[in-house]
Amino acid sequence: MIGPSQVILVDCDVRRRAAIAHFISGHGFHVEPFEAPEELKGRWPSNGLVLVHDDGVTVPALTDNLVQSGNWLPVIAFDEEPVPRRIVNAILAGAIDYIVWPFVDAVLTDTLAHAQERADSVGNARLREAAARSRIDRLSRREREVLSGVAAGHSNRVIAEQLAISP
């Protein structure tokens, strides 16, 4: 099980992943390195921090996998030369912070500490949100249509009329 002083590292570049793992472990963190988010499917840890290389695809894939697993962990994206649009996209996809590689000691420790504080303060709400999204994803198309009517405040009769089904 990953603990608060442990980092899950997701990076497809083996050399960079090894360098980052060495750098972070030198700062007192245990690092669990992975090549891709798919490697974590079915065995998502219940706590820890996720540090993921932002190639434009991996951050959304990782956050989708988190939602599907019913877990939420703070995600920190990184890149060597991030462009503003990619940073914005990573944050919109669910990352709570962004850092530039190679890491600067003080920036890394501040970022990891901030992510842990964020996990402590909003983790339960994010976990509930992830669980709800996971349940909604398992609904059929018709169940989602009914749920939309309920969320809009419609009565059973109105929903049934709109969907041409029995109340």
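In which sense do strand 1 and strand 2 pair, and over how many bridges? In this predicted model, strand 1, which covers residues 6-10, lies alongside strand 2, residues 30-34, in the parallel sense, and five bridges join the two. One place to look for this pairing is L9, which stands opposite P33 in strand 2.

If you follow the chain from strand 1 to strand 2, you pass through helix 1, which is made of residues 14-25. Taken together, strand 1, helix 1 and strand 2 form a β-α-β unit, and this unit is right-handed.

From here we can turn to the protein chain as a whole, which contains six helices and five strands. Reading from the N terminus on, you meet these elements in the order β-α-β-β-α-β-α-β-α-α-α, so written that each letter stands for one strand or one helix.

The next step is to consider how the chain fills space. Its C-alpha atoms occupy a box of roughly 65 × 30 × 25 Å when the box is taken along the principal axes. The protein chain has 167 residues, and 40% of them count as buried. Among the contacts with a separation of 6 or more, 58% are made by residues that are 24 or more positions apart in the protein chain.

Finally, we come to the surface and the charges. The accessible surface of the protein chain is about 9,400 Å², and carbon and sulfur atoms account for 53% of this surface. The protein chain also carries 17 positive and 22 negative side chains, and a distance of 9 Å separates the centres of these two sets.

Note on methods:
Residues are numbered from 1 along each chain as its sequence is written. This is a predicted model: local features need pLDDT of at least 70, side-chain atom pairs count only at pLDDT 80 or more; totals for chains, interfaces and linings use all residues. Side-chain values use heavy atoms; hydrogens and water are left out. Two strands pair if DSSP finds at least two bridges between them. Helices (H or I, at least four residues) and strands (E, at least two) are DSSP runs, numbered from the N terminus. A crossover is right-handed if, with the strands pointing away from the viewer, the path from the first strand over the helix to the second runs clockwise. Buried means under 20% relative accessible area, exposed over 50%, partly exposed in between (1.4 Å probe, protein chains only). Contact means heavy atoms within 4.5 Å. Accessible areas come from the Shrake-Rupley method with a 1.4 Å probe; for residues, only the protein chains shown count as cover. Lys and Arg count as positive and Asp and Glu as negative; His and the chain ends are not counted. The place of a charge is taken as NZ of Lys, CZ of Arg, CG of Asp or CD of Glu.
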